[in-house]
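Here's a walk through how some helices pack in this model, with a few prolines and one arginine along the way. Have a look at the structure first, then read on.

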Amino acid sequence: MTDETHIGIDGCPGGWIAVFRSPGRPLAVRVDATVDWVCEHEGGCTVGIDMPIGLPDAEHGVEPGIRGCDRAARGLLGHPRSSSVFSAPVRDLLAIDSGDIVRDHTEASRISQMVSGRKVTRQTMNILPRIREVDELLQHRPALRDRIFEVHPELSFRALQGSTVVDGKRTPAGRRCRRDLLADVFGSEALAGVEEQIRGTPARTEDLLDALACLWSADRIARGVHGTVPEPPEHDATGLRMSISW
């Protein structure tokens, strides 16, 4: 572990869940409606976040509107966990925010199909505000680009186990497997401590476990021992990395 703070962040009902690991301190959890507070740690942290960062367009991507990292991540995970990797939306979709969900979804699918030949799923529309939030943060605070990295928890769990965790994260077997893998890293007592911290919050156990997996990857990124696809990474029109690490 390095001497800086490491943070793992995942989306959860109502906003975000973050787990902090700082030298000499127990793991700490923060559940918040936004991630703007990351700016408080701008000069001394490494963040792993489960959210698309660099976004493709007609000119950027392994194909127009398609990120190579999404395709590579699915290949690493294999069936059935490959379905956990959502396709990142094309950058033009960030401007769609009329407040009419049906109209926005129709317009998003029209634009996406023109650029990439693909429609937009309801899952993508649900997380679009969070993708927009992270993108705006990185556009307005460029120093954070070297601090915040896109992570996919299923790739983290795959690295921890040595093979893809086949059981879904919301199943009893899947939850137990992921918790056991994280207990080997952080310790059972630490896990019990952060589980206690989310009581009474909107965050669910699977959100916490994913945030912990992102935290584990943030530590690896800080130490330079992580994996990344693709390598070297692609970049989008604004210079953001289009890559996923673990």
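## A proline to start with

Is P129 buried, partly exposed or exposed? With a relative accessible area of 46%, P129 is partly exposed; buried here means under 20% relative accessible area, exposed means over 50%, and partly exposed is in between, using a 1.4 Å probe and protein chains only. P129 sits in helix α3, residues 122–140. Its C-alpha atom is 24 Å from that of F20, and the two residues are 109 apart along the chain.

Some ground rules: this is a predicted model, so local features need pLDDT of at least 70 and side-chain atom pairs count only at pLDDT 80 or more, while totals for chains, interfaces and linings use all residues. Residues are numbered from 1 along each chain as its sequence is written, and side-chain values use heavy atoms, with hydrogens and water left out. Helices (H or I, at least four residues) and strands (E, at least two) are DSSP runs, numbered from the N terminus.

## Helix α7

Helix α7 covers residues 205–223. At 1.5 Å a residue its 19 residues should span 27 Å, and the end C-alpha atoms are indeed 27 Å apart; the expected span is 1.5 Å times one less than the number of residues.

How many of the 19 residues of α7 are buried? The count is 16, so α7 is largely enclosed by the rest of the structure. Just after α7 comes G224, which takes a positive phi of about 75°.

## α5 against α7

Two packed helices are described by the angle between their axes and the distance between the axes. Helix α5 (residues 172–186) packs on α7 at about 40°, with the axes 10 Å apart. Axes are lines fitted to C-alpha atoms, for helices over the stretch in contact, and angles run from 0 to 180 degrees between N-to-C directions. The pair is therefore oblique: under 35 degrees would count as roughly parallel, over 145 as roughly antiparallel, 65 to 115 as roughly perpendicular, and the rest is oblique.

The crossing of α5 past α7 is left-handed, meaning the near helix is turned anticlockwise from the far one by less than a right angle (clockwise would be right-handed). On the α5 side, the contact (heavy atoms within 4.5 Å) uses R175, R178, R179, L182, V185 and F186. From α7 come T205, E206, L209, L212, A213, L215 and W216. Those residues split into eight nonpolar, one polar and four charged. Ala, Val, Leu, Ile, Met, Phe, Trp, Tyr, Cys and Pro count as nonpolar, Asp, Glu, Lys and Arg as charged, and the others, Gly among them, as polar.

R175 of α5 deserves its own look. At 27% relative accessibility it counts as partly exposed. Leaving aside neighbours within four places in sequence, R175 touches G168, K169, R170, T205, E206 and L209. The C-alpha atoms of R175 and Q161 are 14 Å apart, with their positions 14 residues apart along the chain.

## Where α4 comes in

α4 packs on α7 at about 65°, with the axes 9 Å apart. That makes α4 roughly perpendicular to α7. The crossing is again left-handed. Here P153, S156, F157, A159 and L160 of α4 meet L209, D210, A213, C214, W216 and S217 of α7. The tally for this contact is eight nonpolar, two polar and one charged.

Helix α4 (residues 153–161) also meets helix α1 (residues 68–77): their axes come within 10 Å and cross at roughly 40°, in a left-handed crossing. A73, L76 and L77 of α1 make this contact with E154, L155 and R158 of α4, which gives four nonpolar, no polar and two charged residues.

## More prolines

Strand β6 (residues 228–235) holds P230 and P232. A cis peptide bond joins V229 and P230, with omega about -15°. Another cis peptide bond joins E231 and P232, where omega is about 0°.

P23 is in the loop between β2 (15–21) and β3 (28–32), partly exposed at 39% relative accessible area. P80, in the loop between α1 and α2 (101–116), counts as partly exposed at 27%.
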